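Dear colleague,

I am handing over a structure that you have not worked with before, and I would be glad if you looked through it with the notes that follow. Please keep it open beside you as you read.

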Amino acid sequence: MITTARRTAAETVFTPHLGHLGTELPTILIRTCDVITVDDETTYARPYFACMRP
């Protein structure tokens, strides 16, 4: 998923719930794009500096 998010320059990944991403939310995914869970409407936003692309 991380490779696809990078290749497509995805800004956000939506998931039904965190269980779809494994037992823990991958930190590297949050560094790549924002993650939003639909079941509890939580947004895991990447740090501002990670959004600044050259």
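Why does Leu21 count as buried? The relative accessibility of Leu21 is 15%, which is under the 20% limit, and therefore this residue counts as buried. Please bear in mind throughout that this is a predicted model.

Let me begin with the surroundings of that residue. Leu21 sits in the loop that lies between strand 1 (12–15) and helix 2 (27–32). If its neighbours within four places in sequence are left aside, Leu21 is in contact with Met1, Thr15, Pro26, Leu29 and Val35. As for Met1, the two residues are 20 residues apart in sequence, while their C-alpha atoms are 9.2 Å apart in space. Leu21 also belongs to the largest nonpolar core, which has nine residues, the others being Ala5, Ala10, Val13, Leu25, Leu29, Ile30, Cys33 and Val35. In soluble globular proteins, nonpolar side chains tend to be buried together. Another member of this core is Leu25, and Leu25, with neighbours within four places in sequence again left aside, is in contact with Leu18, Ile30, Val35 and Tyr44.

Turning to the chain as a whole, the protein chain contains three helices and three strands, and along the sequence these follow the pattern α-β-α-β-β-α. Of the 54 residues in the protein chain, 28% are buried. The accessible surface of the protein chain comes to about 4000 Å², and 57% of that surface belongs to carbon and sulfur atoms. Among the contacts in the protein chain with a separation of 6 or more, 21% come from residues 24 or more positions apart.

The three strands form an open sheet in the order 1-2-3, with mixed pairing. Strand 1 and strand 3 are the edge strands, each of which pairs on one side only. On average, and with direction ignored, neighbouring strands of this sheet are turned by 20° against each other.

On one side of the pairing, strand 1 and strand 2 run parallel and are joined by four bridges. Here Val13 has Val35 as its bridge partner in strand 2, and Thr12 stands opposite Asp34 in strand 2. Together with helix 2, these two strands make a right-handed β-α-β unit. Strand 2 and strand 3 (residues 42–44), for their part, pair in the antiparallel sense over three bridges. In that pairing Val35 stands opposite Tyr44 in strand 3, and Thr37 stands opposite Thr42 in strand 3. The hairpin of strand 2 and strand 3 has four residues between the strands, and Glu41 in this hairpin takes a positive phi near 55°.

A last point concerns where the side chains of the strands point. In a regular strand the side chains alternate between the two faces of the sheet. Along strand 1, Val13 and Thr15 point to one face and are buried, whereas Thr12 and Phe14 point to the other face and are not buried. In strand 2 (residues 34–37), Asp34 and Ile36 point one way and Val35 and Thr37 the other way, yet all of these are buried.

Val35 may be a useful residue to keep in view as you go back over the structure, since the notes return to it several times: Val35 is in contact with Leu21, is a member of the largest nonpolar core, and is the bridge partner of Val13.

With kind regards

Note on methods. Residues numbered from 1 in each chain as written. Predicted model: local features only at pLDDT ≥ 70, side-chain atom pairs only at ≥ 80, totals over all residues. Heavy atoms only, no water. Buried < 20%, exposed > 50% of the residue type's maximum accessible area, 1.4 Å probe, protein only. Contact = heavy atoms within 4.5 Å. Core = buried A, V, L, I, M, F, W, Y, C linked by side-chain atoms within 4.5 Å. Pairing = 2+ DSSP bridges. Right-handed = clockwise from strand over helix to strand, strands pointing away. Axes fitted to C-alpha atoms, helices over the stretch in contact; angles between N-to-C directions. Areas by Shrake-Rupley, 256 points an atom, 1.4 Å probe, with all protein chains shown as cover.
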